[in-house]
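Colleague: I should like to go through this model with you, beginning with its charged pairs. Could you take my questions as they come?

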Amino acid sequence: MAQPLDADRLADHLQRAGNRLAPLYTVSGDEPLLVTEAVDALRAAGRGAGYTERLSMVMDARSDWSAVIAATQSVSLFGDRRILELKIPTGKPGKSGADTLARLAEQAEKQADNPDTLILVALPRLDKATRESRWMQALARGGMTVDIANVERGRLPAWVGQRLARQNQRTDNATLQWMADKVEGNLLAAHQEIQKLGLLYPEGQLAPEDVERAVLNVARYDVFGLRDAMLAGDLARTIRMIDGLRAEGEALPLVLWAVGEEIRLLARVAEARSLG
């Protein structure tokens, strides 16, 4: 069973693989932008390897999974090889789906040398129980898994800088930090703001005032991020997140619960320390 790939290693893998792709790829993650980009890269590699026909299906526990098996067994009118994309937004295929995925994985393993169908399975981030399920283990054995990590706040300025570099633009570290504050928690909107800079300004160094003039505040926050900022002692970020949660209409009892739980835990720890 091969080790899971991340987004960067997937790009390297596809470059090395050329026309010899694995028969099955399973992509999981909670960042829609990054998952979509990974699937797009796999689809493009598939087309380059001769998989010219594409069939996409969105499935869940209530779906008719027999249609998936039928899709792999039917022959194209023109004899073309095909890409079969299975999107499972809930990450819960149900018993019928689990059996079908395990069967697909077994077929892919047997046809690894020259498969007629390239299978792409897209899932949300998987919990421990799902990772250890029979069907997920079968998918991992039958092909390659791609685990797309979230871009945490600490990595966000570097991520923005890398995206700017792709369009031959750059800016100073303080401006990257400022941009990260404006797009935190909303990676798809961050991508759009970066693309906007590529349309508005020429390649090369971006002036901070130009960036601040162009980039909108598209940050999205949750109560768990507020808790982390508070525990880290980051006063400016904590205040910014409280303002953002208020603007988004987050329920006050939920905010108080998240903050209160941490305060109660810290109080118990302080009490225990004082008692030795």
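Modeller: The discussion below turns to salt bridges, helix packing, a buried acid and a surface patch.

Colleague: What kind of model is this, and how are residues numbered?
Modeller: This is a predicted model, in which local features need pLDDT of at least 70, side-chain atom pairs count only at pLDDT 80 or more, and totals for chains, interfaces and linings use all residues. Residues are numbered from 1 along each chain as its sequence is written, and side-chain values use heavy atoms, with hydrogens and water left out.

Colleague: How many salt bridges are there?
Modeller: The count comes to 22, a salt bridge being a side-chain nitrogen of Lys or Arg within 4 Å of a carboxyl oxygen of Asp or Glu.

Colleague: Which residue pairs with E53?
Modeller: E53 forms a salt bridge with R82, and their closest N and O atoms are 3.3 Å apart. E53 belongs to strand 2 (residues 51-58) and R82 to strand 3 (residues 81-87), so this pair ties together parts that are 29 residues apart in sequence. Helices (H or I, at least four residues) and strands (E, at least two) are DSSP runs, numbered from the N terminus.

Colleague: Is R82 buried or exposed?
Modeller: R82 is buried at 8% relative accessibility, while E53 is partly exposed at 26%. Buried means under 20% relative accessible area, exposed over 50%, and partly exposed in between (1.4 Å probe, protein chains only).

Colleague: And what about E132 and K128?
Modeller: E132 and K128 form a salt bridge whose closest N and O atoms are 2.8 Å apart. E132 is exposed at 51% relative accessibility, and K128 is exposed at 60%. Elsewhere, salt bridges that share partners join R153, D181, E184, R237 and R240 into one network.

Colleague: D181 sits in helix 8, I believe; which residues of helix 8 are buried?
Modeller: In helix 8 (residues 173-183), the buried residues are T175, L176, M179, A180, D181 and V183. They pack against helix 7 (156-166), helix 9 (187-200), helix 10 (208-214) and helix 12 (235-247).

Colleague: What happens at the start of helix 8, and what comes just after helix 8?
Modeller: At the start, a side-chain oxygen of D172 comes to within 3.1 Å of the backbone nitrogen of A174. Just after the helix, G185 has a positive phi of about 80 degrees.

Colleague: Changing topic, what covers the buried residues of helix 6?
Modeller: The cover includes strand 1 (24-29), helix 4 (94-110), strand 4 (117-123), helix 5 (128-131) and strand 5 (144-148). The buried residues of helix 6 (residues 134-142) are W135, M136, A138, L139, A140 and G142.

Colleague: Which buried acid has no salt bridge?
Modeller: E31 is buried without one, and the nearest side chain of opposite charge, R155, is 7.8 Å away. Lys and Arg count as positive and Asp and Glu as negative, with His and the chain ends not counted.

Colleague: Where does E31 lie, and what is E31 in contact with?
Modeller: E31 lies in the loop between strand 1 and helix 2 (32-48). Apart from neighbours within four places in sequence, E31 is in contact (heavy atoms within 4.5 Å) with A149, N150, V151 and L187.

Colleague: Finally, which residues make the nonpolar surface patch?
Modeller: F224, L254 and W257 make a patch of about 290 Å². Patches are made of residues with over 30% relative accessible area and no salt bridge, like charges being joined within 9 Å and nonpolar side chains (Val, Leu, Ile, Met, Phe, Trp, Tyr) within 5 Å. Accessible areas come from the Shrake-Rupley method with a 1.4 Å probe, and for residues only the protein chains shown count as cover. W257 lies in helix 13 (residues 252-274) and is partly exposed, at 43% relative accessible area.

Key
Polar contact = N/O pair within 3.5 Å; in protein donor to acceptor, adjacent residues only side chain to side chain.
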